Amino acid sequence: MMKARALLKSRKEICVPDWQELCLGESVSILKNAQVIAMGRVKEVSKSGRVLWITTPSQVTEEFIMSDDVTVKISGRA
């Protein structure tokens, strides 16, 4: 999976189906039904990779669960 992600690094945004691949501090957008519902930086990912916490620009921590059918995109890649 890391190899596939490495090939996509040149894209501006990368969809991340495996949340365990996210790095702490990475800038992400959370989408549901193709609409951005949150943006922030990765604070923590559970060991199972099914729960993600981000810190928003207003310093609020938000939790997302994979079963909520959300998409995580890494933003800010050149």
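**View 1. Ser46 and the residues it touches.** In this predicted model, Ser46 makes contact with Gln20, Val51 and Trp53, leaving aside residues up to four places away in sequence. You will find Ser46 in the loop that runs between β3 and β4 (51–55). Its relative accessibility is 16%, and because buried means under 20%, Ser46 counts as buried.

**View 2. The pairing of β2 with β3.** Here strand β2, residues 27–32, meets strand β3, residues 35–45, in the antiparallel sense. Six bridges join β2 and β3. To get your bearings, look for Ser27, which stands opposite Arg41 in β3.

**View 3. The open sheet and its edges.** Follow the six strands across the sheet and you pass β1-β6-β2-β3-β4-β5, with antiparallel pairing. The edges belong to β1 (14–15) and β5 (61–65). Each of these two has a single partner strand, so one side of each is left without a neighbour in the sheet. As a reminder, strands of a sheet pair through backbone hydrogen bonds.

**View 4. The whole protein, for context.** Stepping back, the protein has one helix and six strands, and along the sequence they follow the pattern α-β-β-β-β-β-β. Buried residues make up 35% of the 78 in the protein. Taking contacts between residues at least 6 apart in sequence, 47% join residues at least 24 apart. The protein exposes about 5200 Å², and 54% of that area is supplied by carbon and sulfur atoms.

Technical notes: Residues numbered from 1 in each chain as written. Predicted model: local features only at pLDDT ≥ 70, side-chain atom pairs only at ≥ 80, totals over all residues. Heavy atoms only, no water. Pairing = 2+ DSSP bridges. Helix = DSSP H or I, 4+ residues; strand = E, 2+ residues; numbered from the N terminus. Buried < 20%, exposed > 50% of the residue type's maximum accessible area, 1.4 Å probe, protein only. Contact = heavy atoms within 4.5 Å. Areas by Shrake-Rupley, 256 points an atom, 1.4 Å probe, with all protein chains shown as cover.
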